[in-house]
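Biologist: I would like a close look at one part of this model, namely the strands and what lies around them. Please take me through it slowly, one piece after another.

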Amino acid sequence: MRIISGKYKSRRLTAPKNLPVRPTTDMAKESLFNILNNWYHLQEIVVLDLFSGTGNISFEFSSRGNQNITAVDQHSGCIHYINKINKELEFDINTIKADVFSFLEKHNGKYDVIFADPPYDFNEEQFSKIPELVWKNSLLEEQGTLIIEHAQQTDLSHLPNFTQAKRYGGCMFSFFER
């Protein structure tokens, strides 16, 4: 895993092998951040990273100067790793160890970008619950974007507020807006 741009550009990070994760590929992450960089001033937005795993996406935002990031994952090893890198690189990522669905049910923050990278083997009901809870609790700012990463075999285009999907290798990003 590599940080693509910003203060720690080209920095390689190696997560412990025992974490139950599938980090976003460097190619897909670079493409995603090219899109986001055209839509937002990345240093100024508020970011929620759901199913954060290794913290790959949070680290990329932090390296680009963002200091308003919350990373949520239920695995204590993942949270421990994010906190370790957070301290080493002097990032300011707020980590929360919680089940993402329980977190979304009770949370009432506001975000410009919500990125969710759930397990690719989620069923349709599990995938659809993510935007459902985001809309139910009004977690996105007016011009905010929800991005869900998933396998190319998964189609989320029928869900409310879907705007587009982008494919990078075997990875898809589905975008949703208010």
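Modeller: What follows goes from strand to strand, then to the pocket, and ends with a few single residues.

The model is predicted, and the residue numbers count from 1 along the chain as its sequence is written.

Begin with strand E1, residues 47-50. Its side chains point two ways: Val47 and Asp49 point to one side, Leu48 and Leu50 to the other, and all of them are buried. E1 pairs with strand E2, which covers residues 69-73, in the parallel sense, and four bridges join the two. To find one of these bridges in the picture, look at valine 47, whose bridge partner in E2 is isoleucine 69. Between E1 and E2 the chain passes through helix H2, and this β-α-β crossover is right-handed.

E1 also pairs with strand E4, again in the parallel sense and over four bridges. Here leucine 48 is a residue to look for: its bridge partner in E4 is isoleucine 114.

Isoleucine 114 deserves a stop of its own. This residue is in strand E4. Its relative accessibility is 0%, so isoleucine 114 counts as buried, the cut-off being under 20%. Leaving out residues up to four places away in sequence, isoleucine 114 touches Leu48, Leu50, Val134, Leu139, Leu140, Thr145, Leu146 and Ile147. Two of the names in that list, Leu48 and Leu50, were met above as residues that point the other way from Val47 and Asp49 in E1. Asparagine 86 gives a sense of distance: isoleucine 114 and asparagine 86 are 28 residues apart in sequence, and their C-alpha atoms are 19 Å apart in space.

Now follow E4, residues 111-116, to strand E5: the two run parallel and are joined by five bridges. One bridge links tyrosine 111 to its partner in E5, leucine 140. On the way from E4 to E5 the chain goes through helix H5, residues 124-136, and this β-α-β crossover is right-handed.

Helix H5 holds glutamine 126. Glutamine 126 has a relative accessibility of 29% and therefore counts as partly exposed, a class that lies between 20% and 50%. Measuring from C-alpha to C-alpha in the model, glutamine 126 is 18 Å from glycine 53, and the two are 73 residues apart in sequence.

Strand E5 itself spans residues 140-151 and is mostly covered, with nine of its twelve residues buried. E5 also has a partner that runs antiparallel, strand E7 (residues 171-177), and seven bridges join these two. One of them can be found at glutamate 149, whose bridge partner in E7 is phenylalanine 173.

Next comes the loop after E1. Serine 52 sits in the loop between strand E1 and helix H2 (56-63). Its relative accessible area is 7%, which is under the 20% cut-off, so serine 52 is buried. Apart from its neighbours within four places in sequence, serine 52 is in contact with Ala71, Val72, Asp73 and Ile82.

Asp73 appears again at the largest pocket. This pocket has a volume of about 420 Å³. It is lined by 25 residues, and the closest to its centre are Pro20, Phe51, Asp73, Asp117 and Pro119. H2 and helix H4 (100-106) are the elements that give two or more residues to the lining. By type, the lining residues divide into 13 nonpolar, seven polar and five charged.

Two further residues are worth finding for their backbone angles. Serine 10 lies in the segment before helix H1 (26-39). Its phi is near 70°, a positive value in a residue other than glycine. Serine 10 counts as partly exposed because its relative accessibility is 43%, between the 20% and 50% cut-offs. Glutamate 90 lies in the loop between helix H3 (76-88) and strand E3 (93-97). Its phi is near 55°, again a positive value in a residue other than glycine. Glutamate 90 has a relative accessible area of 69%, which is over 50%, so this residue is exposed.

How values were computed: This is a predicted model: local features need pLDDT of at least 70, side-chain atom pairs count only at pLDDT 80 or more; totals for chains, interfaces and linings use all residues. Side-chain values use heavy atoms; hydrogens and water are left out. Buried means under 20% relative accessible area, exposed over 50%, partly exposed in between (1.4 Å probe, protein chains only). Contact means heavy atoms within 4.5 Å. Two strands pair if DSSP finds at least two bridges between them. A crossover is right-handed if, with the strands pointing away from the viewer, the path from the first strand over the helix to the second runs clockwise. On a 1 Å grid over the protein atoms alone, a cavity is a set of points where a 1.4 Å probe fits but cannot get out, and a pocket is an open set with protein on both sides within 12 Å along at least five of seven lines; lining residues have an atom within 4 Å of a point. Grid points are joined across faces, edges and corners, and a volume is the space filled by probe spheres set on the points. Ala, Val, Leu, Ile, Met, Phe, Trp, Tyr, Cys and Pro count as nonpolar, Asp, Glu, Lys and Arg as charged, and the others, Gly among them, as polar.
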